[in-house]
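Here are some short exercises on ligand contacts and aromatic pairs. Grab a viewer and work through them with the solutions.

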Amino acid sequence: MEAIKKMKSPLPSLDKILESIVGYQKQVPLLNGDMTQYINFDNAASTPALKPVLDKVNEAMEWYSSIHRGTGFKSQLCSELFDQSREIVAEFVKADIEKDAIIFVKNATEAINKLANRLPIKSDEVVLVSKMEHHSNDLPWRANARVIHVNIFPDGQLEVQDLINKLKKYHKKVALVAVTGASNVTGWVNDVNQLARICHEYGSKILIDAAQLAPHRAINMRPHHDPGHIDFLALSAHKIYAPFGSGALIGPKEFFEEGDPDYVGGGTVNVVTLDYATWTESPEKDEAGTPNTIGVIAMAKSLQTLMNIGMDKVAEHEKQLTRHMLKLMSEIPGIEIYGSADPEVVDNRLGVIAFNVKDMPHALTAAILNYEGGVGVRNGCFCAHPYIKMLLQLDDETSKMLEQQMLEGDRSNLPGAVRASFGLYNSILEIDRFIEILKKVVNRKYVGNYILNKKEGAYYPEGHVQNFQNYLTI
Ligand SMILES: Cc1ncc(COP(=O)(O)O)c(C=O)c1O
């Protein structure tokens, strides 16, 4: 263990990075009244802000003004930064700034909905969506098209051969293939350029939902003429250390110049008379209303900071964390991991680890980790109900029964798992502290008497009140 603790992080300046995570040092209360430094293992949901991002936000606020049509100096300056941000986003994902529109939106969900609304889909066409998707890359397609789901293997990996079979079966009728870059449940990373190559071979275009992939791996959309070129990509800044309400949809300008925008109003038009309107050029055409200038600058600053650190170094550091965590978890009996539990399989997966403790509700495990360990994780279905159902191998009868219970307002038996997910700033020492408390859960050595709130499906320690007003008020 000592050897592992002395392991050198592939990140050249992990200590500096720790200092640059806003709120990293925050102490939180435990059930026994002690205070402890918070461990955030819920990065797959949202990451904290990087300090250079917060500093840039504060600096930008001093210059904040309306963009694009304002004539004052501040407006011109903010417009300039807004446009520079497009270049930085393009650089981060290696998009072609000449050919691609970088459309700013509020998050990946909005990006995918926008594409679903904007994609012309004929009544005899289908959209292929994998069974490992977050709801945000499934429901928008169901709302706009006939969706055919691509199978996964029992360990949660995409069955690429099934994608090929379906591309063949629906040849010339596939309006789009929509696949995640990485799973927010098992952490499996898809070979996105290889998937793009396959789709193009069968004459289809591909959308990569990069919400989960972008904070952890380098992304290369590749040149438009490259067979592995990614046609469309969705990003969420709050998962990339810039939680200020922005995201991006990236895709060919040529595509977005066709058709009507899904949202219309200020900013989208060229000429408006009482009888008609003509649309402005892409990307402004698809950015109706006043944009989130500060959020966009924050996202650009974060991506710039990550590029300076080096995404390959971030990936190496997180692989080291994943390897360490899986190794220690494998030594604890009674833990089931969904996806891969192999500490040596870290290249094609992220540090997103979904697991359950044998005979222990996931909500109870998560509660104990919080109240007795000061560790923030997430539990439940992670907005991927069909995927979780398959990973848990729930049969149809059980699923129906549980669905009925939930529809009746009782979430006590909500199927799911606990998810620990890493960011670039997490450390081996934090994992060791997590494992200590996890062992207490497994060995039933926790101290609280946890009561289930059936409506929420959450557990709370009896008689304990959180004095939130002592920490933050509005
Ligand atoms: C893989 C994946 N796609 C899409 C989303 C949706 O992102 P957002 O909530 O930022 O729109 C998430 C969020 O967890 C995700 O993990």
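A polar contact is a pair of N or O atoms within 3.5 Å; within protein, one must be able to donate a hydrogen and the other to accept it, and residues adjacent in sequence count only if both atoms are side-chain atoms. The model is predicted, so local features need pLDDT of at least 70 and side-chain atom pairs pLDDT 80 or more, while totals for chains, interfaces and linings use all residues. Numbering starts from 1 along each chain as its sequence is written, and side-chain values use heavy atoms, without hydrogens and water.

**Exercise 1.** Find how far polar side-chain atoms of Asn107, His134 and Gln212 lie from a ligand oxygen.

*Solution.* Start with Asn107: a polar atom of its side chain is 3.5 Å from an oxygen of the ligand. For His134, a side-chain N or O atom sits 3.3 Å from a ligand oxygen. For Gln212, the distance from a side-chain N or O atom to a ligand oxygen is 2.6 Å.

**Exercise 2.** Classify the ring pair Tyr24 and Tyr425.

*Solution.* Rings of Phe, Tyr and Trp (its six-membered ring) pair if their centres lie within 6.5 Å; planes under 30 degrees apart are stacked, over 60 edge-to-face, the rest tilted. Here the centres are 5.9 Å apart and the planes at 85°, so Tyr24 and Tyr425 are edge-to-face.

**Exercise 3.** Now do likewise for Tyr371 and Tyr450.

*Solution.* Their centres are 6.2 Å apart with planes at 50°, so this pair is tilted.
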